[in-house]
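This report walks through selected local features of one protein structure, for a reader who has the sequence and the coordinates at hand.

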Amino acid sequence: MEISGYPLWTVLLIGCGVFLASFIDAIGGGGGLISVPAYLLAGLPAHYALGTNKLSACLGTMVSTFRYLKKGYVDWALAIPSILLALLGSHFGTRLQLMLDERWLKYLLLLILPLAAVIMLRKKSLPEVRGEIAPRRQRIIVWSAALAVGAYDGFYGPGTGTFLLLIFCHLAKLDVRTASGNTKLVNLSSNIGAVLTSLAAGKVLVPIGLIAAAFSIVGNYLGAGLTIKNGSRAVRPVIILVLLLLAARVLLELFGIL
């Protein structure tokens with residue numbers, strides 16, 4: 001039996017990779033570091049891998065986002081402008097990508113990633129309660145991060161959710177659950193924009209994407225539940241793992257291995 005020209009067992013293997021990616025993404029972001037390679041290893045051309053991954057990720061992210069919304073872990077006053085600014089940043093980041101060599105961003109990431117890792121290792125846990133910060137300063141930090149990280153998402157992408165979560169927790173002083181909820185809402189908006197663009201370009205294998213979406217939904221549901229229940233104890237180790245995976249990917253790409 002074949003689905004969109006690929007054997008069923010291959011599609012199911014993609015689903016397993018997407019499940020793991022979605023579980024990790026719902027906790028600390030960075031799921032694309034696992035799901036996109038799963039599609040590529042299955043033999044999908046790069047543009048179809050990215051487009052189909054966005055479809056499964058988008059549907060799965062809806063579930064984890066809904067779990068955070070249901071529990072009240074979204075600050076709407078911060079979230080609504082963040083969504084718009086992230087979409088704006090993503091648009092200009094994509095345009096910038098057409099003009100600049102991606103290699104320069106990767107060099108910059110090699111400076112940022114160790115710093116982020118040091119911050120995570122020095123902090124015993126992510127905040128379980130909101131910290132004290134002036135509301136105006138908090139808004140500036142959250143909205144600036146949404147714009148800047150949104151631009152990064154459009155330009156390169158991997159680890160977008162992780163960077164947002166770190167900034168929301170450590171600089172904007174949000175508790176880990178609200179930071180996660182706001183991050184997922186911003187990511188969902190970005191995913192919707194990306195999947196609509198990919199569908200319009202005909203770069204989505206819809207049957208494979210829908211099957212993978214079922215795995216993504218389960219992974220997101222379980223990952224969000226784990227974060228809501230355990231907070232920092234679940235998020236911190238996942239963020240460290242994502243930072244290591246992203247550093248490895250950047251290095252491999254710079255040396256021409258990927």
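The paragraphs below take up aromatic rings, cysteines, helix packing, two backbone positions and two residues of one helix, in that order.

**Aromatic rings**

The structure is a predicted model, and it holds two aromatic pairs. One of them is formed by F19 and F23, which are stacked, with 6.5 Å from centre to centre and 20° between the planes. Both of these residues belong to helix α1, which spans residues 8-28, and they sit four residues apart, about one turn of the helix. An α-helix has 3.6 residues a turn, so residues three or four places apart point the same way. F19 has a relative accessibility of 29% and therefore counts as partly exposed, and F23, at 25%, likewise counts as partly exposed.

The other pair joins Y152 and F163, whose ring centres are 5.6 Å apart; because their planes stand at 80°, and an angle over 60 degrees is counted in this way, the pair is edge-to-face. This pair links distant parts of the chain, with Y152 in helix α6 (residues 135-155) and F163 in helix α7 (residues 160-170), 11 residues apart. Both Y152 and F163 are buried.

A further ring has a charged neighbour: R67 lies over the face of Y221, at 4.0 Å from the ring centre.

**Cysteines**

How many disulfides does the count come to? With a disulfide taken as a pair of cysteine sulfur atoms within 2.5 Å, the count comes to zero. As for the surroundings of the cysteines, C58 counts as buried because its relative accessibility is 5%, and C169 counts as buried at 2%.

**Helix α2 and its surroundings**

Helix α2 covers residues 32-41, and its buried residues are L33, I34, S35, V36, A38 and Y39. What covers these buried residues includes α1, α3 (46-70), α9 (206-230) and α10 (232-254). Which way does α1 run relative to α2, roughly parallel or roughly antiparallel? The axes of α1 and α2 come within 7 Å and cross at roughly 170°. Angles over 145 degrees count as roughly antiparallel, and therefore α1 is roughly antiparallel to α2. On the side of α1, the residues that meet α2 are I14, G17, V18, L20, A21 and I24, and on the side of α2 they are I34, S35, A38 and Y39. Just after α2, the backbone at G43 takes a positive phi of about 105°.

**Positive phi outside glycine**

Two other residues have a positive phi although they are not glycine, namely S4, with a value near 55°, and K173, with a value near 65°. S4 lies in the loop between β1 (2-3) and β2 (6-7), whereas K173 is found in the loop between α7 and α8. S4 counts as partly exposed because its relative accessible area is 36%, and K173 counts as partly exposed at 33% relative accessibility.

**Residues of α9 and α8**

Within helix α9 lies I228, which is buried, with a relative accessible area of 13%. Not counting residues up to four places away in sequence, I228 touches R67, Y68, K71, Y73 and R177; among these, R67 is the residue that lies over the face of Y221. N230 is also found in helix α9, and at 19% relative accessibility it counts as buried, because the cut-off is under 20%. With the same sequence neighbours left out, N230 touches E128 and R177.

N182 lies in helix α8, residues 176-200, and it counts as buried because its relative accessibility is 1%. Leaving aside neighbours within four places in sequence, N182 is in contact with Y73, V74, D75, L78, A79 and F168.

The table sets sequence separation beside C-alpha to C-alpha distance for two pairs that involve residues of α9.

| Pair | Apart in sequence | C-alpha to C-alpha distance |
|---|---|---|
| I228 and L100 | 128 residues | 40 Å |
| N230 and E128 | 102 residues | 9.7 Å |

For N230 and E128, then, a separation of 102 residues in sequence goes with 9.7 Å in space, and E128 is one of the residues that N230 touches.

Terms used. Residues are numbered from 1 along each chain as its sequence is written. This is a predicted model: local features need pLDDT of at least 70, side-chain atom pairs count only at pLDDT 80 or more; totals for chains, interfaces and linings use all residues. Side-chain values use heavy atoms; hydrogens and water are left out. Rings of Phe, Tyr and Trp (its six-membered ring) pair if their centres lie within 6.5 Å; planes under 30 degrees apart count as stacked, over 60 as edge-to-face and the rest as tilted. Helices (H or I, at least four residues) and strands (E, at least two) are DSSP runs, numbered from the N terminus. Buried means under 20% relative accessible area, exposed over 50%, partly exposed in between (1.4 Å probe, protein chains only). A charge sits over a ring if NZ of Lys or CZ of Arg is within 6 Å of the ring centre and within 35 degrees of the ring normal. Contact means heavy atoms within 4.5 Å. Axes are lines fitted to C-alpha atoms, for helices over the stretch in contact, and angles run from 0 to 180 degrees between N-to-C directions. Angles under 35 degrees count as roughly parallel, over 145 as roughly antiparallel, 65 to 115 as roughly perpendicular and the rest as oblique.
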